[in-house]
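Please look over the model shown below before reading on. The briefing that follows takes up a few individual residues, then the charged pairs, and closes with the chain as a whole.

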Amino acid sequence: MAENGKSCRDQRRVAMNKEQHNGNFTDPSSMSEKKRRDREERQNIVLWRQPLITLQYFFLEILIILKEWTSKLWHRQSIVVSFLLLLAVLIATYYVEGAHQQYVQRIEKQFLLYAYWIGLGILSSVGLGTGLHTFLLYLGPHIASVTLAAYECNSVNFPEPPYPDQIVCPDEASPEGAISLWSIISKVRIEACMWGVGTAIGELPPYFMARAARLSGAEPDDEEYQEFEEMLEHAEAAQDFASRAKLAVQNLVQKVGFFGILACASIPNPLFDLAGITCGHFLVPFWTFFGATLIGKAIIKMHIQKIFVIITFSKHIVEQMVAFIGAVPGIGPSLQKPFQEYLEAQRQKLHHKSEMGTSQGENWLSWMFEKLVVVMVCYFILSIINSMAQSYAKRIQQRLNSEEKTK
(Lines give C-alpha, C1' and ligand atoms only; values in the text may rest on other atoms or scores of the structure.)
Protein backbone atom coordinates (compact mmCIF):
# COMPACT_ATOMS: atom_id res chain seq x y z
CA MET A 1 0.00 0.00 0.00
CA ALA A 2 2.90 2.39 0.75
CA GLU A 3 4.27 1.69 -2.74
CA ASN A 4 0.86 2.50 -4.20
CA GLY A 5 0.78 5.84 -2.33
CA LYS A 6 4.30 6.65 -3.56
CA SER A 7 3.43 5.82 -7.18
CA CYS A 8 0.32 8.00 -6.92
CA ARG A 9 2.41 10.95 -5.74
CA ASP A 10 4.90 10.30 -8.56
CA GLN A 11 2.07 10.39 -11.10
CA ARG A 12 0.92 13.73 -9.72
CA ARG A 13 4.47 15.10 -9.94
CA VAL A 14 4.75 13.97 -13.56
CA ALA A 15 1.42 15.61 -14.39
CA MET A 16 2.58 18.88 -12.79
CA ASN A 17 5.84 18.75 -14.78
CA LYS A 18 3.85 18.31 -18.00
CA GLU A 19 1.74 21.34 -17.17
CA GLN A 20 4.90 23.36 -16.51
CA HIS A 21 6.39 22.22 -19.80
CA ASN A 22 3.23 23.25 -21.69
CA GLY A 23 3.28 26.70 -20.12
CA ASN A 24 0.12 26.13 -18.10
CA PHE A 25 1.72 25.72 -14.70
CA THR A 26 0.23 27.85 -11.93
CA ASP A 27 1.35 28.50 -8.38
CA PRO A 28 0.02 25.75 -6.06
CA SER A 29 -0.83 28.32 -3.38
CA SER A 30 -2.96 30.33 -5.80
CA MET A 31 -4.66 27.13 -6.97
CA SER A 32 -5.51 26.12 -3.41
CA GLU A 33 -6.77 29.64 -2.71
CA LYS A 34 -8.99 29.50 -5.78
CA LYS A 35 -10.35 26.10 -4.75
CA ARG A 36 -11.13 27.50 -1.31
CA ARG A 37 -13.01 30.46 -2.82
CA ASP A 38 -14.92 28.15 -5.15
CA ARG A 39 -15.86 25.89 -2.24
CA GLU A 40 -17.11 28.85 -0.18
CA GLU A 41 -19.11 30.11 -3.16
CA ARG A 42 -20.75 26.69 -3.59
CA GLN A 43 -21.55 26.41 0.10
CA ASN A 44 -23.58 29.62 -0.13
CA ILE A 45 -25.91 27.98 -2.66
CA VAL A 46 -28.59 26.79 -0.24
CA LEU A 47 -32.35 27.21 -0.19
CA TRP A 48 -32.45 29.64 2.73
CA ARG A 49 -29.92 32.01 1.10
CA GLN A 50 -30.47 31.73 -2.65
CA PRO A 51 -33.74 29.81 -3.14
CA LEU A 52 -34.28 30.55 -6.85
CA ILE A 53 -30.72 29.75 -7.93
CA THR A 54 -30.65 26.65 -5.73
CA LEU A 55 -33.88 25.27 -7.22
CA GLN A 56 -32.73 26.11 -10.75
CA TYR A 57 -29.39 24.35 -10.28
CA PHE A 58 -31.15 21.40 -8.60
CA PHE A 59 -33.46 20.78 -11.58
CA LEU A 60 -30.60 21.27 -14.05
CA GLU A 61 -28.51 18.72 -12.15
CA ILE A 62 -31.44 16.27 -12.25
CA LEU A 63 -31.67 16.71 -16.03
CA ILE A 64 -27.94 16.05 -16.42
CA ILE A 65 -28.14 12.92 -14.25
CA LEU A 66 -31.16 11.65 -16.20
CA LYS A 67 -29.33 12.27 -19.45
CA GLU A 68 -26.25 10.39 -18.22
CA TRP A 69 -28.31 7.42 -17.02
CA THR A 70 -30.31 7.35 -20.25
CA SER A 71 -27.08 7.23 -22.23
CA LYS A 72 -25.72 4.42 -20.04
CA LEU A 73 -28.93 2.39 -20.42
CA TRP A 74 -28.94 2.95 -24.18
CA HIS A 75 -25.46 1.44 -24.43
CA ARG A 76 -26.58 -1.55 -22.36
CA GLN A 77 -29.65 -2.51 -24.32
CA SER A 78 -29.25 -6.24 -23.74
CA ILE A 79 -29.35 -5.76 -19.96
CA VAL A 80 -32.39 -3.47 -20.23
CA VAL A 81 -34.27 -5.95 -22.43
CA SER A 82 -33.45 -8.84 -20.08
CA PHE A 83 -34.67 -6.80 -17.11
CA LEU A 84 -37.93 -5.89 -18.89
CA LEU A 85 -38.56 -9.54 -19.82
CA LEU A 86 -37.94 -10.64 -16.23
CA LEU A 87 -40.27 -7.89 -14.99
CA ALA A 88 -42.99 -9.02 -17.43
CA VAL A 89 -42.70 -12.62 -16.17
CA LEU A 90 -42.94 -11.46 -12.54
CA ILE A 91 -46.00 -9.32 -13.28
CA ALA A 92 -47.71 -12.19 -15.08
CA THR A 93 -46.92 -14.54 -12.17
CA TYR A 94 -48.29 -12.00 -9.70
CA TYR A 95 -51.64 -11.43 -11.44
CA VAL A 96 -52.43 -14.87 -12.92
CA GLU A 97 -54.66 -16.92 -10.61
CA GLY A 98 -53.51 -20.32 -9.47
CA ALA A 99 -52.19 -22.45 -6.63
CA HIS A 100 -48.93 -20.52 -6.71
CA GLN A 101 -50.58 -17.36 -5.34
CA GLN A 102 -50.06 -18.36 -1.70
CA TYR A 103 -46.31 -18.55 -2.32
CA VAL A 104 -46.37 -15.29 -4.28
CA GLN A 105 -48.08 -13.49 -1.39
CA ARG A 106 -45.61 -14.91 1.11
CA ILE A 107 -42.64 -13.85 -1.04
CA GLU A 108 -44.19 -10.43 -1.59
CA LYS A 109 -44.63 -9.89 2.14
CA GLN A 110 -41.05 -10.88 2.93
CA PHE A 111 -39.65 -8.87 0.02
CA LEU A 112 -41.48 -5.70 1.08
CA LEU A 113 -40.30 -6.18 4.68
CA TYR A 114 -36.67 -6.63 3.64
CA ALA A 115 -36.79 -3.80 1.08
CA TYR A 116 -38.31 -1.40 3.64
CA TRP A 117 -35.57 -1.88 6.23
CA ILE A 118 -32.73 -2.12 3.70
CA GLY A 119 -33.96 1.12 2.13
CA LEU A 120 -34.01 2.86 5.51
CA GLY A 121 -30.46 1.63 6.15
CA ILE A 122 -29.25 2.98 2.81
CA LEU A 123 -30.86 6.36 3.54
CA SER A 124 -29.03 6.44 6.86
CA SER A 125 -25.52 6.17 5.41
CA VAL A 126 -25.59 6.95 1.69
CA GLY A 127 -23.66 10.07 0.71
CA LEU A 128 -26.57 12.42 -0.02
CA GLY A 129 -26.36 15.53 2.10
CA THR A 130 -26.32 14.64 5.79
CA GLY A 131 -28.08 11.26 5.68
CA LEU A 132 -31.34 10.41 7.39
CA HIS A 133 -30.92 9.10 10.96
CA THR A 134 -33.33 6.22 10.43
CA PHE A 135 -32.13 4.28 13.49
CA LEU A 136 -33.35 7.05 15.82
CA LEU A 137 -36.53 7.61 13.81
CA TYR A 138 -37.60 4.08 12.82
CA LEU A 139 -35.53 1.09 13.94
CA GLY A 140 -34.85 2.26 17.50
CA PRO A 141 -38.54 3.02 18.23
CA HIS A 142 -39.52 -0.30 16.63
CA ILE A 143 -37.16 -2.26 18.91
CA ALA A 144 -38.36 -0.22 21.89
CA SER A 145 -42.04 -0.93 21.15
CA VAL A 146 -41.37 -4.67 20.75
CA THR A 147 -39.44 -4.67 24.05
CA LEU A 148 -42.23 -2.89 25.96
CA ALA A 149 -44.84 -5.21 24.40
CA ALA A 150 -42.83 -8.34 25.20
CA TYR A 151 -42.64 -7.47 28.90
CA GLU A 152 -46.30 -6.40 29.05
CA CYS A 153 -47.62 -9.45 27.16
CA ASN A 154 -45.02 -11.79 28.68
CA SER A 155 -44.66 -13.18 25.16
CA VAL A 156 -43.19 -12.37 21.75
CA ASN A 157 -45.74 -14.48 19.84
CA PHE A 158 -47.56 -11.44 18.50
CA PRO A 159 -50.27 -12.39 15.96
CA GLU A 160 -49.39 -11.85 12.34
CA PRO A 161 -51.06 -9.77 10.97
CA PRO A 162 -51.31 -7.06 12.33
CA TYR A 163 -47.69 -7.22 13.59
CA PRO A 164 -45.43 -5.35 12.81
CA ASP A 165 -47.88 -2.54 11.90
CA GLN A 166 -49.67 -2.98 15.23
CA ILE A 167 -48.68 -5.17 18.15
CA VAL A 168 -51.45 -6.99 20.04
CA CYS A 169 -50.87 -9.42 22.90
CA PRO A 170 -51.69 -13.07 22.07
CA ASP A 171 -54.67 -14.72 23.76
CA GLU A 172 -52.59 -17.56 25.19
CA ALA A 173 -50.64 -16.49 28.25
CA SER A 174 -47.01 -17.58 28.54
CA PRO A 175 -45.49 -18.81 31.80
CA GLU A 176 -43.83 -16.27 34.07
CA GLY A 177 -40.22 -15.56 33.23
CA ALA A 178 -40.63 -16.66 29.60
CA ILE A 179 -39.27 -13.33 28.32
CA SER A 180 -35.50 -13.08 28.05
CA LEU A 181 -33.08 -10.73 26.37
CA TRP A 182 -32.35 -13.37 23.73
CA SER A 183 -36.04 -13.87 22.84
CA ILE A 184 -36.49 -10.14 22.17
CA ILE A 185 -33.25 -10.02 20.16
CA SER A 186 -34.51 -12.93 18.04
CA LYS A 187 -37.86 -11.16 17.48
CA VAL A 188 -36.25 -8.02 15.96
CA ARG A 189 -33.24 -9.72 14.35
CA ILE A 190 -34.55 -9.61 10.74
CA GLU A 191 -35.45 -5.91 10.83
CA ALA A 192 -32.17 -4.95 12.51
CA CYS A 193 -29.97 -7.08 10.25
CA MET A 194 -31.68 -5.81 7.09
CA TRP A 195 -31.17 -2.25 8.31
CA GLY A 196 -27.50 -3.06 8.89
CA VAL A 197 -27.20 -4.52 5.38
CA GLY A 198 -28.63 -1.26 4.03
CA THR A 199 -26.08 0.83 5.93
CA ALA A 200 -23.29 -1.36 4.52
CA ILE A 201 -24.58 -0.85 0.97
CA GLY A 202 -24.76 2.89 1.60
CA GLU A 203 -21.01 2.95 2.33
CA LEU A 204 -20.11 1.75 -1.18
CA PRO A 205 -20.25 5.10 -3.10
CA PRO A 206 -17.14 6.59 -1.36
CA TYR A 207 -15.25 3.35 -2.03
CA PHE A 208 -16.13 3.20 -5.74
CA MET A 209 -15.48 6.93 -6.20
CA ALA A 210 -12.00 6.75 -4.68
CA ARG A 211 -11.16 3.53 -6.54
CA ALA A 212 -12.24 4.97 -9.92
CA ALA A 213 -10.28 8.17 -9.25
CA ARG A 214 -7.14 6.20 -8.40
CA LEU A 215 -7.37 3.92 -11.45
CA SER A 216 -8.17 6.71 -13.91
CA GLY A 217 -5.92 9.37 -12.39
CA ALA A 218 -8.70 11.94 -12.87
CA GLU A 219 -9.60 14.68 -10.39
CA PRO A 220 -12.61 13.36 -8.46
CA ASP A 221 -15.71 15.50 -7.98
CA ASP A 222 -15.88 14.99 -4.24
CA GLU A 223 -14.89 17.25 -1.36
CA GLU A 224 -14.18 14.38 1.06
CA TYR A 225 -11.73 12.77 -1.36
CA GLN A 226 -9.90 16.07 -1.84
CA GLU A 227 -9.70 16.49 1.94
CA PHE A 228 -8.36 12.92 2.13
CA GLU A 229 -5.57 13.71 -0.35
CA GLU A 230 -4.70 16.90 1.51
CA MET A 231 -4.60 14.91 4.75
CA LEU A 232 -2.14 12.44 3.20
CA GLU A 233 0.12 15.27 2.04
CA HIS A 234 0.11 17.02 5.45
CA ALA A 235 -0.06 13.92 7.65
CA GLU A 236 2.96 14.83 9.77
CA ALA A 237 1.72 18.36 10.50
CA ALA A 238 -1.73 17.31 11.79
CA GLN A 239 -2.36 18.81 15.23
CA ASP A 240 -6.11 19.12 15.91
CA PHE A 241 -8.17 16.25 17.28
CA ALA A 242 -10.32 15.81 14.15
CA SER A 243 -7.28 15.46 11.89
CA ARG A 244 -5.62 12.98 14.27
CA ALA A 245 -8.84 10.94 14.45
CA LYS A 246 -9.06 10.81 10.67
CA LEU A 247 -5.41 9.78 10.44
CA ALA A 248 -5.99 7.06 13.04
CA VAL A 249 -8.87 5.62 10.98
CA GLN A 250 -6.83 5.83 7.79
CA ASN A 251 -3.78 4.14 9.37
CA LEU A 252 -5.91 1.42 10.98
CA VAL A 253 -7.59 0.53 7.70
CA GLN A 254 -4.40 0.78 5.66
CA LYS A 255 -2.15 -1.27 7.96
CA VAL A 256 -4.53 -3.84 9.49
CA GLY A 257 -6.67 -4.46 6.39
CA PHE A 258 -9.77 -6.66 6.81
CA PHE A 259 -9.76 -6.57 10.61
CA GLY A 260 -9.15 -2.81 10.64
CA ILE A 261 -12.20 -2.26 8.43
CA LEU A 262 -14.16 -4.67 10.62
CA ALA A 263 -13.20 -2.74 13.76
CA CYS A 264 -14.23 0.61 12.23
CA ALA A 265 -17.55 -0.82 10.99
CA SER A 266 -18.41 -2.54 14.29
CA ILE A 267 -18.77 0.65 16.34
CA PRO A 268 -20.80 3.85 15.75
CA ASN A 269 -18.25 5.73 13.68
CA PRO A 270 -19.04 9.04 11.90
CA LEU A 271 -15.66 8.83 10.12
CA PHE A 272 -16.38 5.53 8.36
CA ASP A 273 -16.73 7.30 4.99
CA LEU A 274 -12.99 7.92 5.33
CA ALA A 275 -12.46 4.15 5.64
CA GLY A 276 -14.31 3.63 2.35
CA ILE A 277 -12.24 6.35 0.64
CA THR A 278 -9.02 4.88 2.06
CA CYS A 279 -9.89 1.38 0.82
CA GLY A 280 -10.80 2.67 -2.63
CA HIS A 281 -7.68 4.83 -2.87
CA PHE A 282 -5.33 1.98 -1.92
CA LEU A 283 -7.23 -0.47 -4.20
CA VAL A 284 -8.36 -2.80 -1.43
CA PRO A 285 -10.33 -5.68 -3.05
CA PHE A 286 -14.08 -5.09 -3.13
CA TRP A 287 -15.06 -8.21 -1.17
CA THR A 288 -12.47 -7.47 1.50
CA PHE A 289 -13.99 -4.03 2.06
CA PHE A 290 -17.66 -4.96 1.65
CA GLY A 291 -17.35 -8.27 3.53
CA ALA A 292 -15.79 -6.60 6.57
CA THR A 293 -18.28 -3.72 6.40
CA LEU A 294 -21.24 -6.11 6.11
CA ILE A 295 -20.14 -8.27 9.05
CA GLY A 296 -19.35 -5.23 11.18
CA LYS A 297 -22.53 -3.25 10.52
CA ALA A 298 -25.16 -5.98 9.98
CA ILE A 299 -24.01 -8.38 12.72
CA ILE A 300 -21.67 -6.94 15.34
CA LYS A 301 -22.78 -3.30 15.47
CA MET A 302 -26.48 -4.15 15.14
CA HIS A 303 -26.37 -6.57 18.09
CA ILE A 304 -24.64 -3.93 20.23
CA GLN A 305 -27.31 -1.36 19.35
CA LYS A 306 -30.16 -3.84 19.83
CA ILE A 307 -28.95 -4.89 23.28
CA PHE A 308 -28.57 -1.25 24.33
CA VAL A 309 -32.13 -0.34 23.24
CA ILE A 310 -33.67 -3.51 24.73
CA ILE A 311 -31.98 -2.98 28.10
CA THR A 312 -32.91 0.71 28.11
CA PHE A 313 -36.60 -0.02 27.45
CA SER A 314 -36.96 -3.08 29.67
CA LYS A 315 -39.88 -2.83 32.08
CA HIS A 316 -38.02 -2.07 35.30
CA ILE A 317 -35.69 0.48 33.63
CA VAL A 318 -38.66 2.36 32.13
CA GLU A 319 -40.44 2.41 35.49
CA GLN A 320 -37.29 3.75 37.14
CA MET A 321 -36.93 6.48 34.50
CA VAL A 322 -40.56 7.57 34.95
CA ALA A 323 -40.07 7.63 38.74
CA PHE A 324 -36.89 9.68 38.28
CA ILE A 325 -38.77 12.22 36.14
CA GLY A 326 -41.36 12.55 38.90
CA ALA A 327 -38.60 13.24 41.45
CA VAL A 328 -37.47 16.42 39.65
CA PRO A 329 -38.24 19.33 42.01
CA GLY A 330 -41.07 21.61 40.97
CA ILE A 331 -41.92 20.38 37.46
CA GLY A 332 -41.44 16.65 38.05
CA PRO A 333 -45.07 15.60 38.64
CA SER A 334 -46.34 17.63 35.65
CA LEU A 335 -43.70 16.03 33.41
CA GLN A 336 -44.31 12.56 34.80
CA LYS A 337 -48.06 12.55 34.14
CA PRO A 338 -48.00 12.49 30.29
CA PHE A 339 -45.43 9.67 30.31
CA GLN A 340 -47.55 7.62 32.70
CA GLU A 341 -50.66 8.22 30.58
CA TYR A 342 -48.77 7.27 27.42
CA LEU A 343 -47.50 4.00 28.91
CA GLU A 344 -50.98 3.17 30.20
CA ALA A 345 -52.49 3.84 26.77
CA GLN A 346 -49.91 1.54 25.18
CA ARG A 347 -50.79 -1.23 27.66
CA GLN A 348 -54.48 -0.85 26.77
CA LYS A 349 -53.68 -1.08 23.05
CA LEU A 350 -51.65 -4.23 23.59
CA HIS A 351 -54.63 -5.85 25.28
CA HIS A 352 -57.12 -4.63 22.63
CA LYS A 353 -58.62 -1.97 24.92
CA SER A 354 -57.78 1.08 22.81
CA GLU A 355 -61.46 1.68 22.01
CA MET A 356 -61.76 3.40 25.40
CA GLY A 357 -60.26 6.49 23.81
CA THR A 358 -56.86 8.06 23.34
CA SER A 359 -55.38 9.81 26.34
CA GLN A 360 -54.11 13.38 26.30
CA GLY A 361 -50.60 12.26 27.24
CA GLU A 362 -50.46 9.89 24.29
CA ASN A 363 -51.64 12.64 21.97
CA TRP A 364 -48.96 14.99 23.26
CA LEU A 365 -46.06 12.52 22.99
CA SER A 366 -47.25 11.14 19.65
CA TRP A 367 -47.61 14.66 18.27
CA MET A 368 -44.04 15.51 19.36
CA PHE A 369 -42.57 12.37 17.78
CA GLU A 370 -44.51 12.82 14.53
CA LYS A 371 -43.30 16.41 14.22
CA LEU A 372 -39.73 15.30 14.90
CA VAL A 373 -39.94 12.72 12.11
CA VAL A 374 -41.42 15.30 9.72
CA VAL A 375 -38.67 17.83 10.55
CA MET A 376 -35.89 15.25 10.09
CA VAL A 377 -37.28 14.03 6.75
CA CYS A 378 -37.75 17.61 5.50
CA TYR A 379 -34.20 18.50 6.51
CA PHE A 380 -32.91 15.42 4.68
CA ILE A 381 -34.79 16.43 1.52
CA LEU A 382 -33.47 19.99 1.78
CA SER A 383 -29.91 18.66 2.18
CA ILE A 384 -30.32 16.59 -1.01
CA ILE A 385 -31.57 19.66 -2.93
CA ASN A 386 -28.67 21.78 -1.66
CA SER A 387 -26.12 19.04 -2.38
CA MET A 388 -27.31 18.53 -5.97
CA ALA A 389 -27.46 22.29 -6.59
CA GLN A 390 -23.88 22.62 -5.34
CA SER A 391 -22.85 19.75 -7.63
CA TYR A 392 -24.21 21.68 -10.62
CA ALA A 393 -22.41 24.84 -9.42
CA LYS A 394 -19.21 22.81 -9.33
CA ARG A 395 -19.78 21.74 -12.95
CA ILE A 396 -20.01 25.42 -13.92
CA GLN A 397 -16.83 26.29 -12.01
CA GLN A 398 -14.91 23.43 -13.60
CA ARG A 399 -16.05 24.49 -17.07
CA LEU A 400 -14.98 28.09 -16.44
CA ASN A 401 -11.61 26.95 -15.07
CA SER A 402 -10.97 24.74 -18.10
CA GLU A 403 -11.86 27.63 -20.43
CA GLU A 404 -9.40 29.88 -18.59
CA LYS A 405 -6.62 27.31 -18.99
CA THR A 406 -7.17 27.02 -22.73
CA LYS A 407 -6.93 30.81 -23.28
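**A briefing on the predicted model**

Gln305 counts as buried, because its relative accessible area of 14% falls under the 20% cut-off. The model is a predicted one, and within it Gln305 belongs to helix α14, which covers residues 286-312. Leaving aside residues up to four places away in sequence, Gln305 is in contact with Phe135 and Trp195.

**Individual residues**

- Thr134 is part of helix α6, and with a relative accessibility of 0% Thr134 counts as buried.
- When residues up to four places away in sequence are set aside, the contacts of Thr134 are Leu120, Gly121, Leu123, Ser124, Leu139 and Trp195; Trp195 is also one of the residues that Gln305 touches.
- Asn154 lies in the loop between α6 (134-153) and α7 (181-187), and its relative accessibility of 15% places Asn154 among the buried residues.
- The backbone of Asn154 has a phi near 55°, which is a positive value in a residue other than glycine. As background, most residues other than glycine have a negative phi.
- Trp48 sits in the loop between α2 (28-43) and α3 (51-74), and Trp48 counts as exposed because its relative accessibility is 57%, where the cut-off is over 50%.
- Although Trp48 and Leu382 are separated by 334 residues in sequence, their C-alpha atoms are 9.7 Å apart in space.

**Salt bridges**

- How many salt bridges does the structure hold? There are three of them, and the general background is that side chains of opposite charge can pair when their charged atoms come close.
- Glu61 and Arg395 form a salt bridge through their side chains, with an N to O distance of 2.9 Å. This pair links distant parts of the chain, since Glu61 is in helix α3 and Arg395 is in helix α17 (residues 360-406), 334 residues apart.
- Arg395 also forms a salt bridge with Glu68, in which the closest N and O atoms are 3.7 Å apart. Because Arg395 lies in helix α17 and Glu68 in helix α3, this pair ties together parts that are 327 residues apart in sequence.
- Glu61, Glu68 and Arg395 are thus named together as a network of linked salt bridges. Within this network, Glu61 counts as buried at 4% relative accessibility, whereas Arg395 counts as partly exposed at 27% and Glu68 counts as partly exposed at 36%.
- Lys297 forms a salt bridge with Glu203, the closest N and O atoms lying 3.8 Å apart. This pair, too, links distant parts of the chain, with Lys297 in helix α14 and Glu203 in the loop between α8 (189-202) and α9 (204-216), 94 residues apart.
- Lys297 and Glu203 are both buried, and helix α14, which holds Lys297, is also the helix in which Gln305 is found.

**The chain as a whole**

- The protein chain contains 17 helices and zero strands.
- Of its 407 residues, 33% count as buried, and the accessible surface of the chain comes to about 25,100 Å², with 64% of that surface belonging to carbon and sulfur atoms.
- Among the contacts in the protein chain with a separation of 6 or more, 69% are accounted for by residues 24 or more positions apart.

Note on methods
Residues numbered from 1 in each chain as written. Predicted model: local features only at pLDDT ≥ 70, side-chain atom pairs only at ≥ 80, totals over all residues. Heavy atoms only, no water. Helix = DSSP H or I, 4+ residues; strand = E, 2+ residues; numbered from the N terminus. Buried < 20%, exposed > 50% of the residue type's maximum accessible area, 1.4 Å probe, protein only. Contact = heavy atoms within 4.5 Å. Areas by Shrake-Rupley, 256 points an atom, 1.4 Å probe, with all protein chains shown as cover. Salt bridge = Lys/Arg side-chain N within 4 Å of Asp/Glu carboxyl O.
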